[in-house]
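Me: Hey, got a minute to walk me through this fold? I'd like to start with the sheets and then go on to the helices.

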Amino acid sequence: MKLIMLGAPGAGKGTQAKKIAEKYGIVHVSTGDIFRANIKNGTPLGMEAKKYMDAGGLVPDELTVRILLDRVAQDDCKNGYVLDGFPRTIPQAEVLDQELTKLGDKIDYAIDVNVPDEAIVERMGGRRACVKCGATYHIVNIPPKKEGICDVCGSELILRDDDKPETVQKRLDVYHEQTQPLVDFYQKKGVLKEVDGTKQMQEIFDEICGILG
Ligand code: AMP
C-alpha cells in the first residue's frame, strides 16, 4: 500500500502517518524528518535545507525529490509506505507519479487532513520537539510527563524555529499557494480522500482505517 498524507503544516498528518505505518506494516517516510536528521548531523544536505526551513519556505524540488526517491527505493519500502510532507508541490507530485508509473506502480490513496488556518496557528504555537530524538508534544493536547523534558529520552523540549508564530504564517501562505493544488491533482486521479482534522486523534484514525480497509 502506498499512501500520501496531505494537509497544512500542523494538521496532524505526521501523527496519523505514524499510526497508519504501525497498523498496516508500512514505512513512515517524512521528508521533514530526513532534513532535520541531516541538520542535526551537520551534513551538506542539512546545511542547504536549513536555510529554507528556518525561513518557512520549501526546500527546492530538485533536492527534495532526490532525497525522497532514494528513500523509497530502499528495501524496507517494498511493502509500501506512507509519505508525510511529500509531495508539497505539483512538480514533486509529477516526478513521483512518473517514477511510480515506470515501476508499474501507483499511489493508492492521498488522504487530506483538513484543518482551518486559525486552528493550525493555535496548535503550532503549543508544539514542542525534543532536541535529541525529535519526539513531538503539545503543551495542551499531548503534554510530556515532566514540563520541558522529553518522555522518550529525557532531553530538553524546544519550540522548533519552523513552529514560531511568524514562521507558521509564512508556512501557511506557502501551503495555500504551492501545496493545496495537490488536492485537485489527486482528486483528478480518483485517489483523494478527505478527513476532518479537527476531530479527536483517534476518531480521525478510525475514519482513515475505514477508508483503507
Ligand atoms: P515538515 O516536518 O513536513 O513540516 O517539514 C519541515 C520543513 O521541511 C518544511 O517547512 C520545508 O521547509 C521542508 N520540507 C519538508 N518536506 C518538503 C518537501 N516535500 N518539499 C520542500 N520542502 C520540504
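Reply: Sure, one term up front: two strands pair if DSSP finds at least two bridges between them. Helices (H or I, at least four residues) and strands (E, at least two) are DSSP runs, numbered from the N terminus.

Me: And where do the numbers come from?
Reply: This is a predicted model, where local features need pLDDT of at least 70, side-chain atom pairs count only at pLDDT 80 or more, and totals for chains, interfaces and linings use all residues. Residues are numbered from 1 along each chain as its sequence is written, and side-chain values use heavy atoms, with hydrogens and water left out.

Me: OK, what's the strand order in the open sheet of 5 strands?
Reply: The order runs β2-β3-β1-β4-β8, and the pairing is parallel. β2 (27–30) and β8 (192–196) are the edge strands, each pairing on one side only. From one strand to the next, the twist averages 20°. Axes here are lines fitted to C-alpha atoms, for helices over the stretch in contact, and angles run from 0 to 180 degrees between N-to-C directions.

Me: How many bridges hold β1 and β3 in register?
Reply: Strand β1 (residues 2–6) pairs with strand β3 (residues 81–84) over 4 bridges, in the parallel sense. M5 has D84 in β3 as its bridge partner.

Me: Which strands does α2 lie across?
Reply: Helix α2 (residues 31–40) lies across β2 and β3, and runs at about 65° to β2.

Me: What's the angle between α2 and α3?
Reply: About 120°, with the axes of α2 and helix α3 (residues 44–54) 8 Å apart. That makes α2 oblique to α3, since angles under 35 degrees count as roughly parallel, over 145 as roughly antiparallel, 65 to 115 as roughly perpendicular and the rest as oblique.

Me: Which residues of the two meet?
Reply: On the α2 side G32, F35, R36, N38 and I39, and on the α3 side L45, G46, M47, A49, K50 and M53; contact means heavy atoms within 4.5 Å. By class, that contact has 6 nonpolar, 3 polar and 2 charged residues. For the classes, Ala, Val, Leu, Ile, Met, Phe, Trp, Tyr, Cys and Pro count as nonpolar, Asp, Glu, Lys and Arg as charged, and the others, Gly among them, as polar.

Me: Switching topic, how many salt bridges are there?
Reply: The structure holds 14, a salt bridge being a side-chain nitrogen of Lys or Arg within 4 Å of a carboxyl oxygen of Asp or Glu. One pair is D105 with K2, whose closest N and O atoms are 2.7 Å apart. This pair links distant parts of the chain, 103 residues apart: D105 sits in the loop between α5 (90–102) and β4 (109–114), K2 in strand β1.

Me: Back to sheets, what's the order in the one with 3 strands?
Reply: That open sheet goes β6-β5-β7, with antiparallel pairing. Its edge strands are β6 (136–138) and β7 (157–158), each pairing on one side only. Strand β5 (residues 127–130) and β6 pair over 3 bridges in the antiparallel sense, and A129 has T136 in β6 as its bridge partner. Helix α6 (residues 117–125) packs on this sheet, touching β5 and β6, with its direction at about 40° to that of β5.

Me: Last one: how do α1 and α9 cross?
Reply: The axes of helix α1 (residues 13–24) and helix α9 (residues 201–212) come within 10 Å and cross at roughly 50°. That makes α1 oblique to α9.
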